[in-house]
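Here is a briefing on one protein chain. Keep the structure open while you read.

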Amino acid sequence: MRSTPQGSDRSIAVYRTLPARIIGWGMALGVIGIGFVVVRTEAQLGRPVLPPVAIALTILAVVWVVLLRPHVELRRDGVTHRNLLTDTDVPFSRLQEVGHQWALELTDTAGRRHSAWAVPKQREFSARRRFDDFAETTSRRRGRPGTTAIVVADDVQREWQRWRLEGGVVEPDAPARRQWAWSALGPLGGAAVLLLLALLL
């Protein structure tokens, strides 16, 4: 799913797959609902509520990291992958190639390939026929197939070309900027500590 951020003149679009969001929010709401019932029942029976709370928070943290947090942000000067535990920023000045073999894949000028967890390749449920390729090519702009690697790669290519036409300068042998994602590690670490306390106490 493509959305346009508000209040940012550098951001163009944010990409997340709709199934991941539906499943993620459905699981989160289900865990919250079931967790509330279990915690209330345990409290009424006089039992400790820390174990069910810790389990619910751990599941919510995993759902957040795997389904809800990952996305790709396309900016006027580059692309950012927010994957499971890392964030990778690929400025257009360090971009060498855009691919979509297994997912949205960006290769920096140092030769390193970076894949996006949030933008997979479109799944084929039947054998592709030759005329399907032609039909997809001629109708892609009329009926976009959602957030898939090929669609996002087209958008990245377009913005990358615009950046080059406006005088963008390439940095040779420059790797993308990759760092740990504390918005993922924090919830996971907190939930793990709470779960450990629940098991020990």
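H1 and H2 are roughly antiparallel to each other, because their packing angle is about 175 degrees and angles over 145 degrees count as roughly antiparallel. Their axes lie 9 Å apart. The model is predicted. The points below start with this helix pair, then turn to the sheet, the core, one buried histidine and the whole chain.

**The H1–H2 pair**

- Helix H1 covers residues 18-44, which makes 27 residues.
- H1 reaches 39 Å from its first C-alpha to its last, close to the 39 Å expected at 1.5 Å a residue.
- Helix H2 spans 50-68 and is part of what covers the buried residues of H1.
- Those buried residues of H1 are Ala-20, Gly-24, Ala-28, Val-31, Gly-35 and Glu-42.
- An α-helix has 3.6 residues a turn, so residues three or four places apart point the same way.
- On the H1 side, the contact with H2 includes Ala-20, Gly-24, Ala-28, Val-31 and Glu-42.
- Trp-25, Met-27 and Ile-32 are also among the H1 residues in this contact.
- H2 contributes Pro-52, Val-53, Ala-56, Ile-59, Leu-60, Val-63, Leu-67 and Leu-68.
- After H1 comes Gly-46, with a positive phi near 80 degrees.

**The three-stranded sheet**

- Strands E6, E7 and E8 form an open sheet in the order E6-E7-E8, with antiparallel pairing.
- E6 and E8 stand at the edges with a single partner strand each, so one side of each has no neighbour in the sheet.
- The twist averages 20 degrees from one strand to the next.
- E7 and E8 are joined by four bridges and run antiparallel.
- Glu-105 has Ser-115, in E8, as its bridge partner.
- Helix H4 lies across E6, E7 and E8 and runs at about 150 degrees to E6.

**The nonpolar core**

- Which residues have the most contacts inside the largest nonpolar core? They are Phe-92, Leu-95, Val-98, Leu-104, Leu-106, Val-119 and Val-156.
- This core has 22 residues.
- Two or more residues each come from strands E2 (11-15), E3 (71-75), E6 (95-99), E7 (103-108) and E8 (113-120), and from helix H4 (149-165).
- H4 gives the largest share, six residues.
- In soluble globular proteins, nonpolar side chains tend to be buried together.
- Phe-92 touches Val-156, Trp-160 and Trp-163, among others, leaving aside residues up to four places away in sequence.
- Its other contacts include Leu-74, Val-79 and the charged residues Arg-75, Arg-76, Asp-77 and Glu-159.

**His-81**

- Is His-81 buried or exposed? His-81 is buried, with a relative accessible area of 0%.
- His-81 sits in strand E4, residues 78-82.
- Leaving aside residues up to four places away in sequence, His-81 touches two other histidines, His-71 and His-114.
- Among its further contacts are Thr-86, Asp-87, Thr-88 and Ser-115.
- Leu-104 and Leu-106 also touch His-81, and both are among the core residues with the most contacts.
- Ser-115 thus appears twice: it touches His-81 and is the bridge partner of Glu-105.

**The whole chain**

- The chain holds five helices and nine strands.
- From the N terminus on, the elements run β-β-α-α-β-β-β-β-β-β-α-α-β-α.
- Of the 201 residues, 37% count as buried.
- Among contacts between residues at least 6 apart in sequence, 60% join residues at least 24 apart.

Conventions. Residues are numbered from 1 along each chain as its sequence is written. This is a predicted model: local features need pLDDT of at least 70, side-chain atom pairs count only at pLDDT 80 or more; totals for chains, interfaces and linings use all residues. Side-chain values use heavy atoms; hydrogens and water are left out. A nonpolar core is a set of buried Ala, Val, Leu, Ile, Met, Phe, Trp, Tyr and Cys residues joined through side-chain atoms within 4.5 Å. Buried means under 20% relative accessible area, exposed over 50%, partly exposed in between (1.4 Å probe, protein chains only). Contact means heavy atoms within 4.5 Å. The expected span of a helix is 1.5 Å times one less than its number of residues. Two strands pair if DSSP finds at least two bridges between them. Axes are lines fitted to C-alpha atoms, for helices over the stretch in contact, and angles run from 0 to 180 degrees between N-to-C directions.
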